[in-house]
Amino acid sequence: MKTPVMITRLSAAMVAAALALGPVAHAEEIDLHGFGGWAYGQTDGNNYLIGTEAGSYDNYSFALNVNARLTDRLTVVGQFEFQQRPGYGDMDRSLDFAFAEWKVNDALRFRAGRVKHPFGIYGEIFNVGTLRPFYSLPLSIYGPQRYTARSVDGVGVTGVKEWDNGWGVNYDVYGGRIAGELRIRGFGIPGEVLHLGSQSLPFSFEEVLGGRLVVSTPVKGLSVGSSAYRGKAYLALFAEGQNPTEEALDFQAEYQAERVLVRAE
């Protein structure tokens, strides 16, 4: 996947801003994190998800995450990922996100660049397999449809606020552009190699405005929330000039105790 020119410019602007800080440009703290996954899949005849009739080992990924705290208020975050999927000859190489965050306090933080997409439960941990109970994400939301993307090219505001009575809120508001791949089963694919996800079309939503609000309750581990965005859709299947405005809306609930985890979207 090619990195959009917009992100190249945003990344360059972030570097220039860091250099302009002069003496504070050295990092006070740098955290490096890596994660990955591998799976074998075999089906009884229908190619589906990570499985093929013959069996496929081509399901693996690795990502490197860098978090550099330049000052008490300024942090720069980036993540680069390698991913191999069944039905694809070449390995995907993608810049998942690269953004700068300016912290006023816990309740108010500003972000700019390629920011994590705050949508639903898994939007900000899209590919971190150790943080979800199953190898694959729920397909109806995070699968081949175009409801979510890994990142937002633009700006955003986020924060967390908790009260002594046990209630709390975690909010995100953002604007910019989201992009990804729409995977179409059977689109231009011969029957013998037909596979869900074996054909992808790039999509993007321009002029996006969106947000997420998650409310934590006095019941420890219980939270409810909603995510939404609105933008102008661009997809190869659309004729030139036919770019409808689309909306996405998500509701979520989660209960996490010591021995029980229940999630629904």
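1. Arg114 and its partners. In this predicted model, the side chains of Arg114 and Asp153 are joined by a polar contact of 2.9 Å. Arg114 has a further partner: a polar atom of its side chain lies 2.9 Å from the backbone oxygen of Leu95. Arg114 belongs to strand β5, which spans residues 108–116. Is Arg114 buried or exposed? Its relative accessible area is 8%. The cut-off for buried is under 20%, so Arg114 counts as buried.

2. Overall layout. The protein has two helices and 11 strands. Their order along the sequence is α-β-β-β-β-β-α-β-β-β-β-β-β. The chain has 265 residues, and 37% of them are buried.

3. The second largest pocket. This pocket holds about 460 Å³ of space. Strands β1 (29–38), β2 (60–69), β3 (74–84), β4 (92–105) and β5 each give two or more residues to its lining. The lining has 25 residues. Nearest the pocket centre are Asn65, Asn67, Val77, Phe97 and Lys116. What is the make-up of this lining by class? It divides into 11 charged, seven polar and seven nonpolar residues.

4. The largest cavity. Rolling a probe the size of a water molecule over the atoms shows where empty space is left. Here the count is one cavity of 30 Å³ or more. The largest cavity has about 80 Å³ of space. Its lining is made of 13 residues, and Val115, Lys116, Pro118, Gly156 and Tyr174 lie nearest the centre. Lys116 is thus named for this cavity and also for the second largest pocket. Which elements supply at least two lining residues each? They are β5, β6 (151–162) and β7 (168–183). β6 gives the most, with six residues. By class, the cavity lining has seven nonpolar, three polar and three charged residues.

5. Ring pairs around Trp38. The whole structure contains six aromatic pairs. One of them is Trp38 with Tyr57, which is stacked, with 6.0 Å centre to centre and 20 degrees between the planes. Trp38 lies in strand β1 and Tyr57 in the loop between β1 and β2, so the pair ties together parts that are 19 residues apart in sequence. Both Trp38 and Tyr57 are exposed. Ring pairs also bring in Tyr40, giving a cluster of Trp38, Tyr40 and Tyr57.

6. The Phe119–Tyr229 pair. How are the rings of Phe119 and Tyr229 arranged? Their centres are 5.7 Å apart and their planes are at 65 degrees. The cut-off for edge-to-face is over 60 degrees, so this pair is edge-to-face. The pair links distant parts of the chain, 110 residues apart. Phe119 sits in the loop between β5 and α2 (139–142), and Tyr229 is in strand β9 (residues 222–235). Phe119 and Tyr229 are both buried, whereas Trp38 and Tyr57 are both exposed.

7. The nonpolar core. In soluble globular proteins, nonpolar side chains tend to be buried together. The largest nonpolar core in this model has 19 residues. Those that touch the most other members are Tyr142, Ile178, Phe205, Val208 and Tyr229. Each of α2, β7, β8 (200–216) and β9 supplies at least two residues of this core. β8 provides the largest share, four residues. Tyr229 therefore has two roles to note: it is a core member, and its ring pairs edge-to-face with Phe119.

8. Glu207. Strand β8 also contains Glu207. The phi angle of Glu207 is near 50 degrees, a positive value in a residue other than glycine. Is Glu207 buried or exposed? With a relative accessible area of 58%, against a cut-off of over 50%, Glu207 is exposed.

9. Asn127. The loop between β5 and α2 holds Asn127 as well as Phe119. Asn127 has a relative accessible area of 17% and is buried. Asn127 and Phe35 are 92 residues apart in sequence, yet their C-alpha atoms are 8.8 Å apart in space.

How values were computed. Residues are numbered from 1 along each chain as its sequence is written. This is a predicted model: local features need pLDDT of at least 70, side-chain atom pairs count only at pLDDT 80 or more; totals for chains, interfaces and linings use all residues. Side-chain values use heavy atoms; hydrogens and water are left out. Buried means under 20% relative accessible area, exposed over 50%, partly exposed in between (1.4 Å probe, protein chains only). A polar contact is a pair of N or O atoms within 3.5 Å; within protein, one must be able to donate a hydrogen and the other to accept it, and residues adjacent in sequence count only if both atoms are side-chain atoms. On a 1 Å grid over the protein atoms alone, a cavity is a set of points where a 1.4 Å probe fits but cannot get out, and a pocket is an open set with protein on both sides within 12 Å along at least five of seven lines; lining residues have an atom within 4 Å of a point. Grid points are joined across faces, edges and corners, and a volume is the space filled by probe spheres set on the points. Ala, Val, Leu, Ile, Met, Phe, Trp, Tyr, Cys and Pro count as nonpolar, Asp, Glu, Lys and Arg as charged, and the others, Gly among them, as polar. Rings of Phe, Tyr and Trp (its six-membered ring) pair if their centres lie within 6.5 Å; planes under 30 degrees apart count as stacked, over 60 as edge-to-face and the rest as tilted. A nonpolar core is a set of buried Ala, Val, Leu, Ile, Met, Phe, Trp, Tyr and Cys residues joined through side-chain atoms within 4.5 Å.
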